[in-house]
Amino acid sequence: MKIAILSRGPGLYSTRRLVEAAEQHGHEAKVINPLRCYMNITSHKPEVHYQGSVLEGFDAVIPRIGASITFYGTAVLRQFEMMGVFTLNESVAISRSRDKLRSLQLLARRGIGLPVTGFAHSPDDTRDVIKIAGGAPLVIKLLEGTQGKGVVLAETQNAAASVIESFRKLAANLMVQEFIAEAKGADIRCFVIGERVVAAMMRQAAEGEFRSNLHRGGSARAVRITPEERSTAVRSARILGLNVAGVDILRSNHGPVVMEVNSSPGLEGIEKSTGKDISGQIIDFIDKNARPGRTRTRGQG
Ligand code: ADP
């Protein structure tokens, strides 16, 4: 099989491991920078061009599209879908997962546990949205943030109001969320492939920090998850239409609540903390599922 890995970082751990795993399975893997792909938009023979030639003969695409290039990256992926190439996660599902508000709305509609969350446009509605989210302490999040940037804990009503108002002055979209204090700075990353959680790790925030992101000094270890957590993770990935996802869960007093569903989950933390060959399992999934024309949406939507 010939596999394209859409990634801007050939040297990144995740990209390197996927190339290695593909080769171990006897496949050919090529790392392609999505920002250097260009396309002809035509109905009879859609093509992707790269470094002066047409990309041909690919059986599967593994998208590793960073949040900052979602728009162009998903357009490139859509072009592969139009060509009938199987993609590990489809463009529509990636776009859904990148919109935090839209994802939470889709999950809420299907009864997935979530932190109580409010969202408002006008600063005039700040007081009310604080009330909706249950009052201070509150977590305020920029919708465009990643790696814990733009995630703030406001301990009091006044602090919450001033954070919301300053974010809004910058014309940033944000959501206001119940603070799950009982999680004690820990969250659980469930790595989903297909219909299974293949690995789970608990990330613990550094001393004095409530955000457990590894980029913020959090530490990770393998964790056993409950059947309820397992089914919450698998259902969340399925609702967003993702074959592979990192589902982030907090252990709250009212059961597992989903914070975020990541469509390009990193492999380093999860492989190193659990000792599992997740990259190999991703390639196994492609082996079982990649057939020409198997893409469900064929670039629609
Ligand atoms: P990002 O996508 O930027 O990583 P997250 O929404 O995942 O942002 O938040 C970053 C971290 O902050 C999470 O991993 C978690 O540890 C903590 N956190 C986020 N939301 C809450 C919340 N509602 N209650 C408690 N902790 C939270």
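Gln51 counts as exposed because its relative accessibility is 60%, where exposed means over 50% relative accessible area, buried means under 20%, and partly exposed lies in between (1.4 Å probe, protein chains only). Gln51 sits in the loop between strand 4 (47–50) and strand 5 (53–54), with helices (H or I, at least four residues) and strands (E, at least two) being DSSP runs numbered from the N terminus. The model is a predicted one, in which local features need pLDDT of at least 70 and side-chain atom pairs count only at pLDDT 80 or more, whereas totals for chains, interfaces and linings use all residues. Residues are numbered from 1 along each chain as its sequence is written, and side-chain values use heavy atoms, with hydrogens and water left out.

**Backbone geometry**

Most residues other than glycine have a negative phi, and most peptide bonds are trans. Gln51, a residue other than glycine, has a positive phi near 50°. Lys184 is also a non-glycine residue with a positive phi, near 50°, and is found in the loop between strand 11 and strand 12 (186–193); with 64% relative accessibility, Lys184 counts as exposed. The peptide bond that runs from Ala136 to Pro137 is cis, its omega being near -5°, and Pro137 has its place in the loop between helix 5 (126–132) and strand 9.

**Salt bridges**

Side chains of opposite charge can pair when their charged atoms come close. With a salt bridge defined as a side-chain nitrogen of Lys or Arg within 4 Å of a carboxyl oxygen of Asp or Glu, the count comes to 13 salt bridges. Three of these pairs are set out below.

| Pair | Closest N to O |
|---|---|
| Glu47 and Lys45 | 3.1 Å |
| Asp187 and Arg203 | 2.8 Å |
| Arg203 and Asp248 | 3.1 Å |

In the pair of Glu47 and Lys45, Glu47 is buried, with a relative accessible area of 16%, while Lys45 counts as partly exposed at 42% relative accessibility. Arg203 takes part in a salt bridge with Asp187. That pair links distant parts of the chain, as Asp187 belongs to strand 12 and Arg203 to strand 13 (residues 196–204), 16 residues apart. Asp187 counts as buried at 5% relative accessibility, and Arg203 counts as buried at 9%. Arg203 also meets Asp248 in a salt bridge. This second pair again links distant parts of the chain, from Arg203 in strand 13 to Asp248 in strand 15 (residues 244–252), 45 residues apart, and Asp248, like Arg203, is buried. Elsewhere, Arg17, Glu20, Glu271 and Asp277 are linked in a network of salt bridges.

**Buried positions**

In helix 4 (residues 100–109), the buried residues are Lys100, Leu101, Ser103, Leu104, Leu106 and Leu107. An α-helix has 3.6 residues a turn, so residues three or four places apart point the same way. The cover over the buried residues of helix 4 includes helix 3 (91–98), strand 8 (117–119), strand 9 (138–142), strand 11 (174–178), helix 7 and strand 16, contact meaning heavy atoms within 4.5 Å. Gly111, which follows helix 4, has a positive phi near 80°.

Leu267 has its place in the loop between strand 16 (255–262) and helix 8 (268–274), and at 0% relative accessibility Leu267 counts as buried. Apart from neighbours within four places in sequence, Leu267 is in contact with Tyr13, Ser14, Leu18, Phe191, Ile278, Ser279 and Ile282. Between Leu267 and Val244, the separation is 23 residues in sequence and 12 Å in space, C-alpha to C-alpha. Thr70, found in helix 2, is buried with a relative accessible area of 14% and touches Ile65 and Arg98, not counting residues up to four places away in sequence.

**Surface patches**

Patches are made of residues with over 30% relative accessible area and no salt bridge, like charges being joined within 9 Å and nonpolar side chains (Val, Leu, Ile, Met, Phe, Trp, Tyr) within 5 Å. Accessible areas come from the Shrake-Rupley method with a 1.4 Å probe, and for residues only the protein chains shown count as cover. Leu35, Tyr38, Phe71 and Tyr72 make a nonpolar surface patch of about 430 Å²; Tyr72 lies in helix 2 (residues 70–82) and, at 30% relative accessibility, counts as partly exposed. A positive surface patch is formed by Arg196, Arg224, Arg230, Lys276 and Lys288, where Lys and Arg count as positive and Asp and Glu as negative, while His and the chain ends are not counted. The place of a charge is taken as NZ of Lys, CZ of Arg, CG of Asp or CD of Glu. Within the positive patch, Arg224 lies in the loop between strand 14 (219–222) and helix 7 (227–240), and Arg224 counts as exposed at 77% relative accessibility.
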